[in-house]
Amino acid sequence: MTLEIIKTPAETEHACWSCGDMRAAQFCGACGKVQPPVPVDYFSFFGLPRKLNVDVKALEKEFYVLSRKLHPDVYAQAGEKEQHWSEEQSSRLNDAYRTLKDSIKRTEYLLKLEGVELEEQSKAATEQARASGVQKKQVVPPALLEEVFELNMQLEEMRMGKKMGERDERLVKDLENHKQKLEKDFEALTDELKTYWREWDKLTEESSDPEQREQVRDKMVDLLNRRNYYRNLVRDVNQALEN
Amino acid sequence: MAADRIVGIDLGTTNSLVAFMQGETPVVIPGEDGSNLVPSVVALDENNQIIVGNTARKYLIETPERAIYSVKRLMGRGVEDIQEELKLFPFRMADDLDAGEVLRIKLGDKDFTPSEISAFVLRQLKRNAERYFGEPVNKAVITVPAYFNDAQRQATKDAGRIAGLEVLRLVNEPTAASLAYGLDKKQNGVVAVYDLGGGTFDISILKLHDGIFEVIATNGDTHLGGDDIDNLLLTIALDDILGDLKIDLRRNAEAIQALRKAVIDAKIQLSGRPTVVLDLELPGGKRYEREITRPQYEQLIKPILDRTVGPCKQALKDAGLKPGEIDEVVAVGGSTRIPIVRALIQEMFERPPHTDLNPDEVVALGAAVQANILGGGSEATKDMLLLDVTPLSLGIEVAGGVTDKIILRNSTIPASAVQHYTTQVDGQANVAIHVLQGERELAKDCRSLARFDLKGIPPMTAGMPRIEVKFLIDANGILQVTAREQRSGTEAQIEVQPSYGLTDEQVENMILESFDSAEEDFRQRQIIEARNEAETIQTALEKGKKSPTWGLLSNDERKQITKLEKSLTEVKGGEDYQAVRKAIDALNQATTRLAELMMDSAVATALKGKTMDQADMGEGPEAPHPVAKAEFE
């Protein structure tokens, strides 16, 4: 592992350091040389509007085009400065592509850009909340309260049985049924989320009033949170059923 | 001199190779003994000189305490995680090792870190390449198992530096193999590379798209390979001998090495024959004889091979693919010569694997392709670009001993993540960060990479400082960390304690300490330079002999020159650079008059209105004097 400390933040330059022409975000349009990174969001990095329906095939093509221009392999014989920038730019490119090619990650990222903090559903967050005594922001969707209560009982029973080396076939069947239902609901939530992508994109094109946008935004946040909740439940059931 | 030559090196558990691009084809550079494979064996001879490769192998049996093999298994590891290996391998650790310290292995009465041992192998490969090219080689691409973690990669890079090589890139072995295969089959599709070598197993799934080799998932086991099969067969033989012949050889290092050699031979033969007989004379005169049939053998090694199934399934799952969606499968690594391994691959991926390229050489050939790409490329490689991934997730320890993953496995590299840190109490000046690698939820189950201390945070109310820490996994798969305090504008200082591995200072010291080898390298370099110089003089002399000036010399002069040239040719083939120098000087002296005469004739010709070029005196400005010194850096 190597380590370095950045002394001063890189200044944002508008002219290519090499030929002085106006530069693009990643490389100079005139001479093709890699440029020091400018802080832009992932959509801007690819020159995309902040929309949720993305042509993934076209994105992949652009990713390959930019990779050929920015990857450190291309700069192996260049000066230290260019090598460093290519590393920064290329990691930025990879991070952006990884986020934008996946529709859910893309939505979560856009909501973050819109200033929304999603509920943290990770185990790490749970543990952190437990250790610090701060209530974790995770609310069980009201419609699910009863179901989750029952499911948790069954999961506990399953775990206890496992400890004793027993496997209750009836319980396994119950859990499998439960899982199927959860997965169906999960799919339904995903489909519903998709309808809001279209709506969001339309509003973005029309530069409509902020209130309407906020409504759609909040709807997506709610759907994503519920969807994550279901995902975690399915994961827990899978874990209990495995081993 | 032309652009620096970059070689491709496969630093293997069992064998190592060095290759380069000859025109449009990668080729392996043979050693002095004509063999392409340099066994990764390092020994100390009777005069305490380091011996590497085939010649070191005999020491494994004769003086096992003065020889080391399979050191790759120890790269980047701590004493607490090699206890299993110690039961199976005759590694002799230094007596004064502390937990968390970089391992040191005894060789005779000296001890070396795994990076230093590997550096001996690399230095041998470097020498082989220098002998082949007749010029120094200082830059290399080195391959590593795709599933190597940060510490293992860093240890490999350190080995390169200690050997005097600038390591331009670490390339994952299965990816390198795909480059070698992809060279002549420019096609699009999804390829799986199954790489079972001497000590490591990797599976990589790649998408090929108009010359872009995009790895989409990788998995593996850095302690699974042919070694494990050898150890299993060895254990069975030892038990047999104890049970049937009542001889306990388990403490007899020499006998164990002889037996190991016998079971390895048997293993290799069983790939081509239905049955093999182990027949070995034991200390005390008794013989151990045992027949092994192919079915018996296959049943024995099945559990080892089955350990490759899990990683393959996980890689397919991570790639989001079913076996039927894989277009091609490639088998790499010596252990894929075993028929049952090929059958297993066929069963998992629903098609027979490609084995057209030599499984021992294909990784080195691919490394040569990547070296060529990094050197600026050629016609054969001009559209090729490798996009690899990090095999393991990178995480940070958070409250409760939990790992918070910030870069997920199979992310294309370079990849980065930014974390923000703040303080918990007023005036707090330090923040500790624990960096981990692995897939497990709890920090204690992941691999500890390093502990950082952010220091010198200006005194502020708790929660006020905003320290931005950027984690970047570079194209070698090695982590870099940068930090800055954003609110006050003060720099945050970082102190790093790598959990395993050498500090820069330690590596520098090792480079200095390897004085013996520095001397050897110097000698090697001298002989290469002297040979080059001799070459230049002889070429110039050949031209001089064809010029009319040659006829102006006396018979004796011509005889003397021819005699001296002959003796230069003789010593040039040897290793004594001083002898070559002497012969060059003698020839220099003898040809002074020839040079003067040629110069005169050139001037005379010039006065007649001809140019130097037209005068018959060789290459003009490049060789105005037949004994001009070769230009050499």
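Reader: Hi! Which residue stands opposite B:Leu394 in E20(B)?
Author: That's B:Ile407. Keep in mind that we're looking at a predicted model here.

Reader: Noted! In what sense do strand E19 and strand E20 of chain B pair, and over how many bridges?
Author: They run antiparallel, with five bridges between them. E19 covers residues 394-398 of chain B, and E20 covers residues 402-407.

Reader: And what does B:Gly400 do in that hairpin?
Author: B:Gly400 has a positive phi, near 85°. The hairpin of E19(B) and E20(B) leaves three residues between the strands.

Reader: Cool. Switching to the open sheet in chain B, what's the strand order?
Author: Its five strands come in the order E17-E12-E13-E14-E18, and the pairing is mixed. Strand E17 (328-332) and strand E18 (385-387) are the edges, each pairing on one side only.

Reader: How are neighbouring strands of this sheet turned against each other?
Author: By 25° on average, ignoring direction.

Reader: Let's zoom in on E14 and E18 of chain B. Is their pairing parallel or antiparallel?
Author: Parallel, over three bridges, with E14 spanning residues 212-221 of chain B. One residue pair to look at is B:Ile212, whose bridge partner in E18(B) is B:Leu385.

Reader: Which helices pack on the sheet?
Author: Helix H9 (residues 309-319) of chain B does, touching strand E13 (201-209) and E14, and its direction makes about 140° with that of E14(B). Helix H10 (residues 339-349) of chain B also packs on the sheet. H10 touches strand E12 (189-196) and E17 of chain B, at about 155° to the direction of E17(B).

Reader: Now chain A. How many helices and strands are there?
Author: Chain A has eight helices and one strand. Along the sequence the pattern reads β-α-α-α-α-α-α-α-α.

Reader: What share of the residues in chain A is buried?
Author: Buried residues are 22% of the 243 in chain A. As for contacts with a separation of 6 or more, 56% of those in chain A join residues 24 or more positions apart.

Reader: At what angle do H7 and H8 of chain A pack?
Author: About 160°, with the axes 9 Å apart. H7 is residues 169-206 and H8 is residues 210-241 of chain A. Angles over 145 degrees count as roughly antiparallel, so that is how H7(A) and H8(A) lie to each other.

Reader: Which hand is the crossing, left or right?
Author: H7(A) passes H8(A) in a left-handed crossing. The residues of their contact comprise 19 nonpolar, three polar and ten charged.

Definitions and conventions: Residues numbered from 1 in each chain as written. Chains lettered and ligands numbered in written order. Predicted model: local features only at pLDDT ≥ 70, side-chain atom pairs only at ≥ 80, totals over all residues. Pairing = 2+ DSSP bridges. Helix = DSSP H or I, 4+ residues; strand = E, 2+ residues; numbered from the N terminus. Buried ≥ 20, exposed ≤ 12 C-beta atoms within 10 Å, placed from the backbone. Contact = placed C-beta atoms within 7 Å. Axes fitted to C-alpha atoms, helices over the stretch in contact; angles between N-to-C directions. Parallel < 35°, antiparallel > 145°, perpendicular 65-115°, else oblique. Left-handed = near helix turned anticlockwise from the far one by under 90°. Nonpolar A, V, L, I, M, F, W, Y, C, P; charged D, E, K, R; others polar.
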